[in-house]
Amino acid sequence: MSARRRALDPLDKTRYDAAICERLLQWWEGARPRSVAVYWPLKGEPDIGPACARLQALGVQLVLPVVVARDAALEFAEWIPGEEMIKDEMGVAVPAHARMAPQPQAVVIPCLGFNAGRFRLGYGGGYYDRTLEATPRPMTVGVAYSFAQVEFETGTHDVALDLIITE
């Protein structure tokens, strides 16, 4: 799935990403969480930057996930689109001047793959699964391209998402 994502025609990727951003904003209009964890796209993941900029303009507090330790839940740092970023030890972009924030009301999660039960495939670290074990659990929105829907077995540690958004 990762190879297929990287092989997307750039024009198709741009169109798909725009449609995902529009659907993400439509979701927000209905749910209206005041704080939302988003993600910095890696490895061909859908670019939700335009939706993030719009959410920030609407007064939504945006945060990015931060890995603080292996085998631990994610923590979150406040993020303003356009601010200076650095790469953490895992090569993920995080704000250069981290302002840690409490768990957000909603978490937007990139999915390498997903199934009809709204379970996601990630990169195997389990960070999001551990994060979603906390209570109260935030709303969860998976983001993927539609071709990433596949059937797979789930484990006891896997957590179904509330919604999956595709193009």
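Here is a quick tour of this structure, covering its core, its largest pocket, its salt bridges and one loop residue.

Keep in mind that this is a predicted model. The largest nonpolar core has 44 residues, while the largest pocket encloses about 660 Å³ of space. Five salt bridges turn up in the structure, and three of them are walked through below.

**The nonpolar core**

- Let's start inside: the largest nonpolar core is made of 44 residues, and the ones with the most contacts inside it are Leu24, Val36, Val38, Ile48, Leu62 and Val108.
- Plenty of elements chip in, with at least two residues each coming from helix 2, strand 1 (35-37), helix 3 (49-57), strand 2, strand 7 (106-110), helix 4, strand 10 (139-143) and strand 11 (163-165).
- The top contributor to this core is helix 2, which gives six residues.
- Isoleucine 48 is a handy residue to look at up close: setting aside neighbours within four places in sequence, it touches Ile20, Cys21, Leu24, Val38, Tyr39, Val108 and Val143.
- Among those partners, Leu24, Val38 and Val108 are also on the list of residues with the most contacts inside the core.

**The largest pocket**

- A general point first: rolling a probe the size of a water molecule over the atoms shows where empty space is left.
- In this model, about 660 Å³ of such space lies in the largest pocket.
- Its lining takes in 29 residues, and Arg120, Tyr123, Gly125, Tyr127 and Tyr128 are the ones that lie nearest the centre.
- Strand 2 (61-66), strand 9 (120-121) and helix 4 (127-131) each put at least two residues into the lining of the largest pocket.
- Helix 4 gives the most to that lining, with three residues.
- Sorted by class, the lining comes out as 16 nonpolar, six polar and seven charged residues.
- Strand 2 and helix 4 do double duty, since they supply residues to the pocket lining and also to the largest nonpolar core.

**Salt bridges**

- Side chains of opposite charge can pair when their charged atoms come close.
- Take arginine 15 and aspartate 12: they form a salt bridge whose closest N and O atoms are 2.7 Å apart.
- These two sit three residues apart in helix 2 (residues 10-31), so about one helical turn separates them.
- Arginine 15 is exposed, at 52% relative accessible area, whereas aspartate 12 is partly exposed, at 23%.
- Arginine 32 pairs with glutamate 29, again with 2.7 Å between the closest N and O atoms.
- Both ends of that bridge are partly exposed, with arginine 32 at 46% relative accessibility and glutamate 29 at 43%.
- Glutamate 83 and arginine 99 form another salt bridge, with their closest N and O atoms 3.0 Å apart.
- Glutamate 83 lies in the loop between strand 3 (75-78) and strand 4 (85-87), and arginine 99 lies in the loop between strand 5 (93-95) and strand 6 (100-101), so this pair ties together parts that are 16 residues apart in sequence.
- Arginine 99 is partly exposed, with a relative accessible area of 30%.

**A look at alanine 96**

- Alanine 96 is found in the loop between strand 5 and strand 6, which is also where arginine 99 lies.
- At 22% relative accessibility, alanine 96 is partly exposed.
- Apart from neighbours within four places in sequence, alanine 96 is in contact with Glu84, Met85 and Ile86.
- Alanine 96 and tryptophan 79 are 17 residues apart in sequence, and their C-alpha atoms are 9.8 Å apart in space.

Technical notes. Residues are numbered from 1 along each chain as its sequence is written. This is a predicted model: local features need pLDDT of at least 70, side-chain atom pairs count only at pLDDT 80 or more; totals for chains, interfaces and linings use all residues. Side-chain values use heavy atoms; hydrogens and water are left out. On a 1 Å grid over the protein atoms alone, a cavity is a set of points where a 1.4 Å probe fits but cannot get out, and a pocket is an open set with protein on both sides within 12 Å along at least five of seven lines; lining residues have an atom within 4 Å of a point. Grid points are joined across faces, edges and corners, and a volume is the space filled by probe spheres set on the points. Helices (H or I, at least four residues) and strands (E, at least two) are DSSP runs, numbered from the N terminus. Ala, Val, Leu, Ile, Met, Phe, Trp, Tyr, Cys and Pro count as nonpolar, Asp, Glu, Lys and Arg as charged, and the others, Gly among them, as polar. A salt bridge is a side-chain nitrogen of Lys or Arg within 4 Å of a carboxyl oxygen of Asp or Glu. Buried means under 20% relative accessible area, exposed over 50%, partly exposed in between (1.4 Å probe, protein chains only). A nonpolar core is a set of buried Ala, Val, Leu, Ile, Met, Phe, Trp, Tyr and Cys residues joined through side-chain atoms within 4.5 Å. Contact means heavy atoms within 4.5 Å.
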